[in-house]
Amino acid sequence: MGLVTSALGQNAQGDSRGMSARGNEAGDLSLVARVRARDESAMAALYDRYSSLVYAVALRVLGDTGAAEDVLQEIFLQLWRKPAAFDSARGSMGAWLSVIARNRSIDALRKRKPETDIEDVVLSVETNFADNADRGRALVRIREVMSSMAGPQRSALEMAFFEGMTHTEIAEKTGEPLGTIKTRIRAGLLSLRAAVSG
């Protein structure tokens with residue numbers, strides 16, 4: 001008799017947990033509907049419920065509290081601006097936010113190294129010239145290297161440096177894969193660095 005009672009009790013607990021999860025999902029849908037109606041208290045409730053999850057995912061990927069906080073703010077700002085982006089048919093709110101946090105964090109990681117490379121080149125150009133004659137010779141070399149580059153590579157460098165576009169923006173504008181754009185810019189920077197240091 002005790003085993004039967006115990007089994008029934010476990011089933012009841014399992015059912016209540018399932019109902020609780022379904023209740024959370026229904027609550028999330030209600031909150032999202034209210035966010036669509038620009039209800040700030042609903043947005044605050046979603047933030048209270050999921051901000052620690054989003055922050056934990058971002059921190060695990062980035063290993064930097066400041067960068068993780070930036071990702072956290074971006075994601076909830078995006079949710080406020082475009083609550084319709086959440087599709088409950090594709091999963092729970094928690095899972096959806098976790099995936100977005102992971103993807104945003106990976107994007108942030110990818111941006112770090114190329115930006116460092118660009119800063120290195122700019123610093124070396126600015127600090128290695130003793131006088132205007134040296135600067136003039138270096139600019140001539142840079143122009144020669146730029147003119148000898150393939151058109152797509154030169155164009156990617158120009159968009160990055162002169163138009164201030166990110167790698168992602170360049171990829172979107174040109175229709176090229178992001179990895180291709182990063183490779184072109186990195187190879188171009190290495191050529192320019194070699195020309196300046198030579």
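Trainee: Which residues of α3 are buried?

Mentor: In this predicted model, the buried residues of α3 are Ala67, Ala68, Val71, Leu72, Ile75, Phe76 and Leu79.

Trainee: How do I read a list like that? Where on the helix do the buried residues of α3 fall?

Mentor: General idea to begin with: an α-helix has 3.6 residues a turn, so residues three or four places apart point the same way. Now the case here: looking down the axis of α3, you find its buried residues within an arc of 165 degrees, so they line one face of the helix. Over on the other side of α3, Gln73 and Arg81 are exposed.

Trainee: What does α3 meet in α2?

Mentor: Quite a list. From α3 (residues 65-81), the contacting residues include Ala68, Val71, Leu72, Ile75, Phe76 and Leu79. Among those they meet in α2 (residues 40-62) are Met43, Leu46, Tyr47, Tyr50, Val54 and Leu59. Sorted by class, the contact has 17 nonpolar, two polar and two charged residues.

Trainee: And at what angle do α2 and α3 pack?

Mentor: About 145 degrees, with the axes 8 Å apart. The crossing of the two helices is right-handed.

Trainee: Let's try a charged residue. Is Asp28 buried or exposed?

Mentor: Judge it by relative accessible area: under 20% counts as buried. Asp28, found in helix α1 (residues 2-36), has 2%, so Asp28 is buried.

Trainee: Which residues does Asp28 touch?

Mentor: Leaving out residues up to four places away in sequence, Asp28 touches Leu46, Arg49, Tyr50 and Met93. You've met two of these names already: Leu46 and Tyr50 are also among the α2 residues that meet α3.

Note on methods. Residues are numbered from 1 along each chain as its sequence is written. This is a predicted model: local features need pLDDT of at least 70, side-chain atom pairs count only at pLDDT 80 or more; totals for chains, interfaces and linings use all residues. Side-chain values use heavy atoms; hydrogens and water are left out. Axes are lines fitted to C-alpha atoms, for helices over the stretch in contact, and angles run from 0 to 180 degrees between N-to-C directions. Helices (H or I, at least four residues) and strands (E, at least two) are DSSP runs, numbered from the N terminus. A crossing is left-handed if the near helix is turned anticlockwise from the far one by less than a right angle, and right-handed if clockwise. Contact means heavy atoms within 4.5 Å. Ala, Val, Leu, Ile, Met, Phe, Trp, Tyr, Cys and Pro count as nonpolar, Asp, Glu, Lys and Arg as charged, and the others, Gly among them, as polar. Buried means under 20% relative accessible area, exposed over 50%, partly exposed in between (1.4 Å probe, protein chains only). The arc is that of the directions from the helix axis to the C-beta atoms.
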